Amino acid sequence: MTTEKNIVIEQHKRFSKSTLWRIQKDYFDRAGVSAWVNQVPFYITCNPFIAKSYARIFLGFMRDWMAKHPETRQHPFYILEIGAGSGRFTFYFVTALHQMMQQAGMHDVRVCHVMSDFTRSNMQYWEKHHAIQPLVEKGWVEFAIYDMEAERPITLVQSKTHLDHTTLINPLTVIGNYIFDTSLNDLFGVREEALYELTTSLETPQDNMDGNTPIEMEKVKVHYDAKKVASEFYGDPLIDNILEKYRSELQDTVFLLPIGAFHALGFLRKLANNRLLLLSTDKGNGALHTLDGATTPPIYFHGCFFSAMVNFHAIGEYMQNAGGEYCLQTPRKGIKTAVFSCGFGLSDMGETQRALSDWVEGMSPADYFTLHRRMSDTFNECQLDTIAAHMQLAGWDPHIYMKLASRVRTLIKDTDRDTLNFMTAGMHQLAANFYDMPKTDCVLFEVGLFFHTLKNYAEAAKYYTQARHFMPENYSLSYNLGLCLHYLDNDTAALTHFRYALALNPDAKEVQEWITHIEQEKDALPLMKEE
Ligand SMILES: C[S@@+](CC[C@H](N)C(=O)[O-])C[C@H]1O[C@@H](n2cnc3c(N)ncnc32)[C@H](O)[C@@H]1O
């Protein structure tokens, strides 16, 4: 079973049955939220910009739907977020949505955002999260375990509601970011108007195996074998029609078919009376012609996981075959955002169309990310007005601010008053956007430093105090807080923080001097009174 020093893991498997998917799932299950520490990228789909874009689209959709079906206003709109992962997207999305609903006077409309994942480890993280808890308390967010590969009832943890045809009176909105690239796919090829299925065989060096699992995915070699097949491959016309279209319209290529997405959408359609709105962002193919001419399957191996380019075109065709429509952004470099419906059309929904034209076809999450990357490389050349404008575009995103905070502090003193006022207002928004994740720095401390640099000691002390919850054993934080409290004439509290700082760093001379200084002033006080 071995070739040279390689071990054969499996041979001639249909791709969706490959053990690769099991390995992937085990990884997410084991890693839980730590998957996002230097392993699985998350920023691109979990930032305030994309969240606000989705909120605008969903808001437009709700308004269009209620205008067409006024009687449904009294029923909740459910959103099911599949593979919610870290929860960072949820936080920004739900917050932005409720702010927009308030501005639009939609106080009576109920929206329930269901965060779901197949693994409990992610849910356990959300349960205790400082930013998610308040959303749950307000009744805006619920949790559920939902595995795209299983057709099990979806029961909301908090209210015990089942998502089914009796509760889903309004269409079910499904959000799936960076999930269809990690869920089951099959592989096909087209050559000379014939359709082929590609099966996979896997091998890897023997010392790359831990039990029956490869340690580093990059060291797994995949071999493909092609076998001619008929386009009535699945016996499901919704899917087989897509294969037939590809057989007749593509010239010479290999492509992925997102069979896991089809199965999940089929199940959710049953629950939701065949009415779904789906929003998704991922690495993927949009237009049909972009699927042609591929010589190798678009599958990529990373440290502990792998990803596959999402065939958004096929998802669009599937939803259209189920009586819907879809909007795929025109191809551009980077990730793709796509919106699909089934059971109803999108083209006669005015507000939805406007939002799609502005935030999917127009300034999309991919365009934002491209700009952000360029900015990250060059912020040291930027003045504060440019940085402030970028922060505004980014929705005062802590992830970005942490990269340029030290540049901001060096520029504060020489900047004009308007820019400074703009930055100052944004700082409160930045703090409100803090979403704690393992091994991320605490932006509350940086917001404190901003106000400290401006000698606004009250605001600085407020944010330093909030930061203590997330970085309790930090010398600089305790020392800075001591300083601010001293300048605010609260020497008793200042002493407490200086002493704590000294305990954390017994060699720190400056803190020792402050303690001595305050203690001497305290001792001198009664004498002065006597005089
Ligand atoms: C790449 S992460 C994306 C997380 C998040 N949506 C984002 O954009 O950062 C994939 C997520 O899907 C979850 N997942 C993997 N397989 C799943 C399945 N079969 N059903 C539901 N969730 C799944 C993983 O636990 C993980 O949270």
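**Reading the pockets and domains**

Me: Which element gives the most to the lining of the largest pocket?

Reply: The largest contributor to that lining is α1, with 4 residues. The model under discussion is a predicted one. At least two lining residues of the largest pocket come from α1 (19–31), and at least two from β6 (172–177).

Me: How many residues line the largest pocket, and which of them lie nearest its centre?

Reply: The lining consists of 36 residues, and those nearest the centre are Phe-28, Gly-83, Tyr-178, Ile-179 and Thr-182. The space in this pocket comes to about 580 Å³. Sorted by class, its lining comprises 18 nonpolar, 11 polar and 7 charged residues.

Me: Why is the largest pocket said to lie between two domains?

Reply: The reasoning rests on which domains supply the lining. Residues of both domain 1 (2–25 + 187–254) and domain 2 (48–183 + 263–362) take part in the lining of the largest pocket, so the pocket lies between them. The division of the chain also includes domain 3 (369–526).

Me: How should the length of α1 be checked, and what is the distance between its end C-alpha atoms?

Reply: The expected span of a helix is 1.5 Å times one less than its number of residues. For the 13 residues of α1 this gives 18 Å, and the end C-alpha atoms are 18 Å apart, so the two values agree.

Me: Which residues of α1 are buried, and what do they pack against?

Reply: A residue counts as buried when its relative accessible area is under 20%. In α1 this applies to Thr-19, Leu-20, Trp-21, Ile-23, Gln-24, Tyr-27, Phe-28 and Ala-31. Phe-28 is also among the residues nearest the centre of the largest pocket. The packing partners of the buried α1 residues are one helix, α4 (120–127), and the strands β2 (6–14), β8 (194–205), β10 (213–214), β15 (299–301) and β16 (306–308).

Me: What is the volume of the second largest pocket, and which residues are closest to its centre?

Reply: The second largest pocket holds about 490 Å³ of space. It is lined by 21 residues, with Lys-52, Ala-96, Gln-99, Gly-395 and Gln-429 closest to the centre. The lining has 12 nonpolar, 7 polar and 2 charged residues.

Me: Where does the lining of the second largest pocket come from?

Reply: Domain 2 and domain 3 each provide at least three of its residues. Among the helices, α2 (48–68), α3 (88–103), α11 (384–393) and α13 (417–432) each give at least two, and α3 has the largest share, 7 residues.

Me: How many residues of domain 2 and domain 3 are in contact?

Reply: Contact involves 12 residues of domain 2 and 14 residues of domain 3. The C-alpha centres of these domains are 37 Å apart.

Notes: Residues are numbered from 1 along each chain as its sequence is written. This is a predicted model: local features need pLDDT of at least 70, side-chain atom pairs count only at pLDDT 80 or more; totals for chains, interfaces and linings use all residues. Side-chain values use heavy atoms; hydrogens and water are left out. On a 1 Å grid over the protein atoms alone, a cavity is a set of points where a 1.4 Å probe fits but cannot get out, and a pocket is an open set with protein on both sides within 12 Å along at least five of seven lines; lining residues have an atom within 4 Å of a point. Grid points are joined across faces, edges and corners, and a volume is the space filled by probe spheres set on the points. Ala, Val, Leu, Ile, Met, Phe, Trp, Tyr, Cys and Pro count as nonpolar, Asp, Glu, Lys and Arg as charged, and the others, Gly among them, as polar. Domain bounds come from an automatic or database domain assignment. Buried means under 20% relative accessible area, exposed over 50%, partly exposed in between (1.4 Å probe, protein chains only). Contact means heavy atoms within 4.5 Å.
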